[in-house]
Amino acid sequence: MSALLEVDGLETFYGASQALFGMSLRVAAGEMVTLLGRNGMGKTTTVNSIVGLLAPRRGSVRLAGVEIAGRSADRIGRAGVGLVPEGRQIFPNLTVRENLLAWAANRSGAAEPWTLERVYAFLPRLAERQAQMGGQLSGGEQQMLAIGRALMTNPRLVILDEATEGLAPLARAEIWRCLTALKSSGLALLVIDKYVRALIGIADRHYIVERGRVRWEGSSAALQAQPELWQRYLGV
Ligand code: ATP
């Protein structure tokens, strides 16, 4: 069976400057996969090339076997890719409820789609804060809102760029719990974050990215067993 997301040989440029040199990765249905690597190595460029915010010059992105590379971000979203972007990018002047409803859609045609009620049950803090403006939330709450907003599109795959960046340890732990629960629910996840130890505990497989290409890929057990990789590629 083919993977849900298949990325092959992506080459993406910023003007004349090449940022991706043949990025390739896979995410199977129900799998949680991470992209690891130091700053500036091409993780965000990879994500943005997958979701249509950047147009790759070469290479292929297939979702459930359908080529989506070069499509608009809107069409890729409708095809079933939900993004929790770096910096969260929630609407500060809309309420929590309005943020959640802004992009709601049952795109996957799921039998039990994510609705406002289901998101509130899954993330009760959002229910408590539903009438507050997005800009009034704490960082951790804003990240939950960004996750809830992605779920409201009923995606087949959710991509989180810098899942816990700037969050305090307790808020980080809540995001890890939330991702663990989403994985258990069968959702496919592609996660960028720097907390390798936490990610090893919940993800299935990992890709280490260096200068726009994959340098290593393997299971959580394999990454756990090779701390020299962390030192060499991640500086931890
Ligand atoms: P970070 O965690 O810092 O975001 P990253 O691994 O996500 O790092 P990218 O942001 O994808 O890395 O950057 C990859 C390369 O592309 C870097 O060399 C960066 O300088 C370059 N780059 C990123 N954005 C732009 C841009 N808007 N214009 C020109 N070059 C860029």
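**Close-up 1. Ser220 is tucked away in this predicted model, counting as buried at 10% relative accessibility.** Buried here means under 20% relative accessible area, so Ser220 makes the cut. Ser220 sits in helix H9, which covers residues 220–224. Its side chain pairs up with the side chain of His206 in a polar contact of 2.8 Å. Leaving aside residues up to four places away in sequence, Ser220 touches Leu199, Ile200, Ala203 and Asp204, along with His206, its polar partner.

**Close-up 2. Asn154 is a buried loop residue.** Look for Asn154 in the loop that links helix H6 (139–151) to strand E9 (157–160). Its relative accessible area is just 3%, and Asn154 therefore counts as buried. The side chain of Asn154 has a polar atom 2.6 Å from the backbone nitrogen of Trp114.

**Close-up 3. The shell around the ligand mixes nonpolar, polar and charged residues.** The residues in this view are Tyr14, Ala19, Arg38, Asn39, Gly40, Met41, Gly42, Lys43, Thr44, Thr45, Glu86 and Glu162. Sorted by class, that's 3 nonpolar, 5 polar and 4 charged. Helix H1 (residues 43–51) gives the most to this shell, chipping in 3 residues.

**Close-up 4. Tyr14, Gly40 and Met41 each place a polar atom by the ligand.** For Tyr14 the side chain does the job: one of its polar atoms lies 3.4 Å from a ligand nitrogen. With Gly40 it's the backbone, where a polar atom is 2.6 Å from an oxygen of the ligand. Met41 also uses its backbone, with an N or O atom 3.0 Å from a ligand oxygen. As for cover, the ligand on its own would expose 620 Å², and the protein buries 58% of that.

**Zooming back out. The protein behind these views has 10 helices and 12 strands.** Its radius of gyration is 17 Å; a compact globule of 236 residues would come in near 18 Å, so the two agree. Along the principal axes, the C-alpha atoms fill a box of roughly 45 × 35 × 35 Å. Of the 236 residues, 50% count as buried. Take the contacts between residues at least 6 apart in sequence, and 66% of them join residues at least 24 apart. The accessible surface adds up to about 10,500 Å², with 50% of it belonging to carbon and sulfur atoms.

Notes
Residues are numbered from 1 along each chain as its sequence is written. This is a predicted model: local features need pLDDT of at least 70, side-chain atom pairs count only at pLDDT 80 or more; totals for chains, interfaces and linings use all residues. Side-chain values use heavy atoms; hydrogens and water are left out. A residue is near a molecule or strand if one of its heavy atoms lies within 4 Å of it. A polar contact is a pair of N or O atoms within 3.5 Å; within protein, one must be able to donate a hydrogen and the other to accept it, and residues adjacent in sequence count only if both atoms are side-chain atoms. Accessible areas come from the Shrake-Rupley method with a 1.4 Å probe; for residues, only the protein chains shown count as cover. Helices (H or I, at least four residues) and strands (E, at least two) are DSSP runs, numbered from the N terminus. Ala, Val, Leu, Ile, Met, Phe, Trp, Tyr, Cys and Pro count as nonpolar, Asp, Glu, Lys and Arg as charged, and the others, Gly among them, as polar. Buried means under 20% relative accessible area, exposed over 50%, partly exposed in between (1.4 Å probe, protein chains only). Contact means heavy atoms within 4.5 Å. The radius of gyration is taken over C-alpha atoms; the globule rule is 2.2 Å times the number of residues to the power 0.38.
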